[in-house]
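Me: Please take a close look at one part of this model and describe how it is put together. I would like the cut-offs behind the terms as well.

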Amino acid sequence: MKIGINRQIMLLLILGLLIAPNRANADYPTRTVRILVGFAPGGTTDLLARIVADELRTMWNTAVVVENRPGADGIVATTAAHNAPGDGYTLLMSTNALAITPHLKQLPYDPLKDFEPITIVGQEFHHMLVTPNLPAKTVKDFIALAKSSPDGLTFSSAGPGSAPFLGMQRFLQAAGISKMVHVPYPGSMPAAMALVTGDVQSMFSSPSTTLPLSNEGKLRVLAVAGPKRDANVPEVPTLAESGLPGFESNTWFALVASAKTPPDILKKIRTDVAQAMRSPAVLRRINEIKSIPVGNSSDEFRRIIAADFETFKQIIANAK
């Protein structure tokens, strides 16, 4: 009799262990979920995070809040996400900076090992922009002006770890421009506003940030860094058409979670975010801000992170 009772207890314990992950999966989330953003409010990273947060809030019937922690090319927010408990209640809306900053400085985290990819929410091919009073109407004009400027033309960005910054570095290398002066800002919108006021002379930017400004004539788009012209500015040539064959530069904006997140919780997050990315409302809102919806699988996203890691490593090495 005693052996039978012990056997029953063991069976109940095993059954409890088997169903516990599923129960945790079903219950998640039971409290507020935070999405950290490493850049200032109003930029593309922030806007896309809020679009996803709104949809998840409705799906989960739980608060999903966006917290902006700008600074150090996204490192401040990424470090906070890394240090947070790995319970699925702190997510990170990152950019290509995840694969860039490790080549620029020592970090308290490993982007390839310490984070689990969820999905790329949106991506954009950069626009090359100048302040309207700059006497350069084409890329050819800009290159000539940059090469003839003794002190170097200026350009803004959200920091050396941002993809638009590396886009400008690619451009300098491709165009043979030896000197330009970088002026960093805490986000893409502040960097764009510095161009509007004429505090800086040029920048690469995601169109979702700067299209409203260029449409109003506050900025001039010289070229598009994509494989084809942008339908939002069909009259503007690509950089490839402007004399730089094969030139492309883009930014992706994506959700990642701590690698410490329990597998069942991570699976639910991925499943629910994938569902959110199929929502007509989400797709419409992403298109409205002039970003390109993606919603790829975590495996596809993982391969992109690895490929970008090597690409940016080479660009940064060439830039010295």
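Reply: Five strands make up an open sheet, in the order 7-6-8-5-9, and their pairing is mixed. Strand 7 (180-184) and strand 9 are the edge strands, each of them pairing on one side only. Ignoring direction, neighbouring strands in this sheet are turned by 30 degrees against each other on average. Helices (H or I, at least four residues) and strands (E, at least two) are DSSP runs numbered from the N terminus, and two strands pair if DSSP finds at least two bridges between them.

The model is predicted, with pLDDT of at least 70 required for local features and 80 or more for side-chain atom pairs, while totals for chains, interfaces and linings use all residues. Residues are numbered from 1 along each chain as its sequence is written, and side-chain values use heavy atoms, without hydrogens or water.

Which residues of strand 5 are buried on each of its two faces? In strand 5 (residues 127-130), His127 and Leu129 are buried on one side, and Met128 and Val130 are buried on the other, so both faces are covered (buried: under 20% relative accessible area; exposed: over 50%; partly exposed: in between; 1.4 Å probe, protein chains only).

Strand 5 is joined to strand 8 (residues 202-205) by four bridges, and the two run antiparallel. Strand 5 is likewise antiparallel to strand 9 (residues 220-224), again with four bridges. Leu129 takes part on both sides: Met203 stands opposite this residue in strand 8, and Val221 stands opposite it in strand 9. For Met128, the bridge partner in strand 9 is Ala223.

A helix also belongs to this picture. Helix 7 (residues 188-196) lies across strand 5, strand 6 (153-157) and strand 8, and runs at about 145 degrees to strand 8. Axes here are lines fitted to C-alpha atoms, for helices over the stretch in contact, and angles run from 0 to 180 degrees between N-to-C directions.

Strand 6 begins at residue 153, and Leu153 is one of the residues in contact with Leu145 (heavy atoms within 4.5 Å); leaving aside neighbours within four places in sequence, the other contacts of Leu145 are Leu134 and Pro135. Leu145 itself is found in helix 5 (residues 139-148). Its relative accessibility is 24%, and Leu145 therefore counts as partly exposed. Ile177 is 32 residues away from Leu145 in sequence, and their C-alpha atoms are 9.9 Å apart in space.

An open sheet of six strands can be set beside the five-stranded one: its order is 2-1-3-10-4-11, and the pairing is mixed. Its edges are strand 2 (64-68) and strand 11 (292-293); each has a single partner strand, so one side of each is left without a neighbour in the sheet. Within this sheet, nine bridges pair strand 4 (residues 115-125) with strand 10 (residues 250-258) in the antiparallel sense. Glu124 stands opposite Thr251, which lies in strand 10. Helix 11 (residues 298-319) packs on the sheet and touches both strand 4 and strand 10, its direction making about 75 degrees with that of strand 4.
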